[in-house]
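These are my notebook entries on a structure I had not examined before. I begin with the chains as wholes and then turn to single residues.

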Amino acid sequence: MKGKEAVKMSQHRSGQMKAFFRQWQVQSMVIPGIVWMFVFCYIPMFWLIIAFMDYSIAKPMLHSPLVGLKHFEDFAADDRFWRSIRNTLGMSAIKLALGFPIPILFALLLNEIRSLRFKRAVQTISYLPHFIAWTIFGGILLNWLGEGGVMNQLMMALGIQDREILYNSDPQYFWWIVYFSDVLKETGWSAIIYIAAIAGIDPALYEAAELDGANRWQRMWHITIQCIRPTIAILFILAVSGMLGSNFEQIFMLKNNMNMRMAESLDLYIYNMGLVSGRHSFSTAVLFARSVVALGLLLLANYTSKKLSGESIF
Amino acid sequence: MAMESRGRFRRIGLFEVGNTLLMLTVCFITLYPMWFVFINSLNAPERALLGTINWFPEAWSLDSYRVVFNDKNLMNGFYITTLRTVIGTAAHVLFTAIVAYGMSRSNLIGRKFYMRTALITMLFSGGLIPTFLLMTKLGLYDNFWVFVIPGMYTFFNMVIFMSFFRTIPESLEESAKVDGASDYGVLFRIVLPNSMAVIATISLFSAVYHWNDYYQGVIYIRTQDLLPLQTMLYKIIAENSMSFMQQQAMAQFGARLPGNSIKFASMMVATLPILAFYPFIQRYLVKGVMIGAIKG
């Protein structure tokens, strides 16, 4: 019996092998992609184990001594690490609380515009800044926030301040600069997905509501918002799970030696420690810890959203 | 009855006016920064000094552009950026499309395994330091190909390609197969020519990324001759390093030409290609985001 089954299995397997070689052309299209992923995604994942070693780039990795949790203890005792956690969470919290609703609001208001042409024109213009490089956008900002810049002229003309303030050199403004520049640059782009969701709502719903005497705000709240709730929930889950990250291109552009106290996010800390100071293992330990916490956050946000609104990404 | 309807009309009218004004403000806030750069790059250098709020150049001058176009470093950066945009985009589209076509075949053996391998990379990644070490070990550090090879493939774009290929009627491919075409023949002669819309979308995604990226250059490039334009701009603007160009300008124009107007002119030069292609970009990219959103 057993022998027969084994023969069957091996026949089946050799049949599969034959089929595999018969479709060698299709396989030869896919396999380079798998090899690429192995090299550029899986090897770096595997390389995370240097977090537990004293790795030196000059030696082969397996010759590096194992040091257990030494690097984890080191960063946990580093004030600068906790400062970067505070900065990351602070900036993310502002972005989440004050920034997340803005594209939704923009999409809702844009949807109320009657003229299709004007609507389209506004939308097209609104996502232009998304395509402007951070070097350019940041360059404009730094100019406007600097000495004699647009911001100072405006504030002094309005009588809000009576002398020049160097906004970008004063750490206390940094989180707000990050927030406002993000809103300016990304609102139109982030709104696209909501605008698409709104466009997919059945117009009959609005007609029925109008007949029932619902006013504009009631229609917005009871129909539009309710219909795009799944989209909002999913984007919110993603935003929460990304709280330990930051827009590196943005922060890297706006940071300087004067505002580093408030500007050094976790990403920047990893960069500074790992690539500027060359402490590879130490930085990788921070990266490792962050990935674990980020995964936890994703699962937590997903779970909470499932409980509260029935929406989840998995 | 008449009173009531008029009252209602007025209420809606007020909202409409306010909303329209708000949208116009949004447009203004969005457009003014670029306009600001534009007029200050054309302003006579001594007027562009510290960027006062204005609407038009006070005195026209192309001096700043002359300096930018005569600067060997910046022009080399422009060349590197163009090169990486063209090669990087072509490599990305070709490689990703070929993998996606293979993945779109329903009879592909091992499809589930391949898909799972790819999905894991969406959830976990090595991050900055391991990736940096890998690039060093692969000899890609301070090498032009660091712009091309690591960006050759993304799972997200592969899925976009794959779902588009599935919408192509199978009868087209079948008839080509009957005529004796190989899988590669079908891909290059039937499938790709029928996928121009999605190819345009992905190409633009990739080209905009390559054109605007400054971060790869900061991390992986040391040699001046390999720096992309955006990385040079980063150094000039954020690190305030006196570039070769500014030193030369100082010598040429004396104190008359402050750094700012050259900064604005080089910013303009770096943005013009994006602005010129913007109509295509916005048309195709928005489509791409929709596809991505539906798939996601």
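The entries below record what I looked up, in the order in which I looked it up.

**Entry 1. Status of the model**

I note at the outset that this is a predicted model.

**Entry 2. Chain A as a whole**

I looked up the secondary structure of chain A and found 16 helices and zero strands. I then asked how far the chain extends. The C-alpha trace of chain A spans about 90 × 60 × 40 Å along its principal axes. For the radius of gyration I recorded 27 Å for chain A, whereas a compact globule of 314 residues would have a value near 20 Å. I also looked up burial: 33% of the 314 residues of chain A count as buried. For the contacts in chain A between residues at least 6 apart in sequence, I noted that 67% join residues at least 24 apart.

**Entry 3. Chain B as a whole**

For chain B I found 13 helices and zero strands. Read along the sequence, the pattern of chain B is α-α-α-α-α-α-α-α-α-α-α-α-α. Chain B has 296 residues, of which 37% count as buried. Among its contacts between residues at least 6 apart in sequence, 73% join residues at least 24 apart.

**Entry 4. Where the chains meet**

How many residues does each chain bring to the contact? I recorded 65 residues from chain A and 70 residues from chain B. On the side of chain A that touches chain B, helix 2 (residues 24-47) of chain A gives the most, with 15 residues. I sorted the residues on that side of chain A by type and obtained 44 nonpolar, 18 polar and three charged.

**Entry 5. The largest nonpolar core**

I next looked up the largest nonpolar core, which has 121 residues. The residues with the most contacts inside this core are Val99(B), Ala100(B), Phe161(B) and Leu233(B). Helix 3 (residues 72-104) of chain B gives the most to the core, with 11 residues. I followed one of the named residues further. Leaving aside residues up to four places away in sequence, Phe161(B) touches Thr96(B), Ala97(B), Ala100(B), Val198(B) and Ile202(B).

**Entry 6. Gly88(B)**

I stayed with helix 3 of chain B, where Gly88(B) lies. Is Gly88(B) buried or exposed? Gly88(B) is buried, because 23 other C-beta atoms lie within 10 Å and 20 or more suffice for that class. Not counting residues up to four places away in sequence, Gly88(B) touches Phe147(B), Val148(B), Gly151(B), Ser206(B) and His210(B). I also looked up the separation of Gly88(B) from Asn70(B), 18 residues apart along the chain, and found 27 Å between their C-alpha atoms.

**Entry 7. Asp142(B)**

Asp142(B) drew my attention by its backbone: its phi is positive, about 60°, although it is not a glycine. Most residues other than glycine have a negative phi. I located Asp142(B) in the loop between helix 5 (128-137) and helix 6 (155-166) of chain B. Asp142(B) has 13 C-beta neighbours inside 10 Å and therefore counts as partly exposed.

**Entry 8. Helices 10 and 11 of chain A**

I returned to chain A to examine a pair of helices. The axes of helix 10 (residues 203-211) and helix 11 (residues 216-227) of chain A come within 11 Å and cross at roughly 145°. The crossing of helix 10 of chain A past helix 11 of chain A is right-handed. Which residues meet there? From helix 10 of chain A I listed Leu205(A), Tyr206(A) and Ala209(A), and from helix 11 of chain A Arg219(A), His222(A) and Ile223(A). The residues of this contact divide into four nonpolar, one polar and one charged.

**Entry 9. Thr224(A)**

Thr224(A) is also found in helix 11 of chain A. I counted Thr224(A) as buried because it has 21 C-beta neighbours inside 10 Å. Apart from residues up to four places away in sequence, Thr224(A) touches Leu108(A), Ile198(A), Ile201(A) and Arg219(A). Thr224(A) and Ser283(A) are 59 residues apart along the chain, and their C-alpha atoms are separated by 45 Å.

**Entry 10. Lys255(A)**

Finally, I looked up Lys255(A), which lies in the loop between helix 13 (248-254) and helix 14 (260-263) of chain A. With 20 C-beta neighbours inside 10 Å, Lys255(A) counts as buried. Not counting residues up to four places away in sequence, Lys255(A) touches Met260(A), Ala263(A) and Leu268(A). The C-alpha atoms of Lys255(A) and Lys185(A), 70 residues apart along the chain, are separated by 17 Å.

Definitions and conventions:
Residues are numbered from 1 along each chain as its sequence is written. Chains are lettered from A and ligands numbered from 1 in the order in which they are written. This is a predicted model: local features need pLDDT of at least 70, side-chain atom pairs count only at pLDDT 80 or more; totals for chains, interfaces and linings use all residues. Two residues are in contact if their C-beta atoms, placed from the backbone, lie within 7 Å. Helices (H or I, at least four residues) and strands (E, at least two) are DSSP runs, numbered from the N terminus. Ala, Val, Leu, Ile, Met, Phe, Trp, Tyr, Cys and Pro count as nonpolar, Asp, Glu, Lys and Arg as charged, and the others, Gly among them, as polar. A nonpolar core is a set of buried Ala, Val, Leu, Ile, Met, Phe, Trp, Tyr and Cys residues joined through C-beta atoms within 7 Å. A residue is buried if 20 or more other C-beta atoms lie within 10 Å of its own, exposed if 12 or fewer, and partly exposed in between; C-beta atoms are placed from the backbone. The radius of gyration is taken over C-alpha atoms; the globule rule is 2.2 Å times the number of residues to the power 0.38. Axes are lines fitted to C-alpha atoms, for helices over the stretch in contact, and angles run from 0 to 180 degrees between N-to-C directions. A crossing is left-handed if the near helix is turned anticlockwise from the far one by less than a right angle, and right-handed if clockwise.
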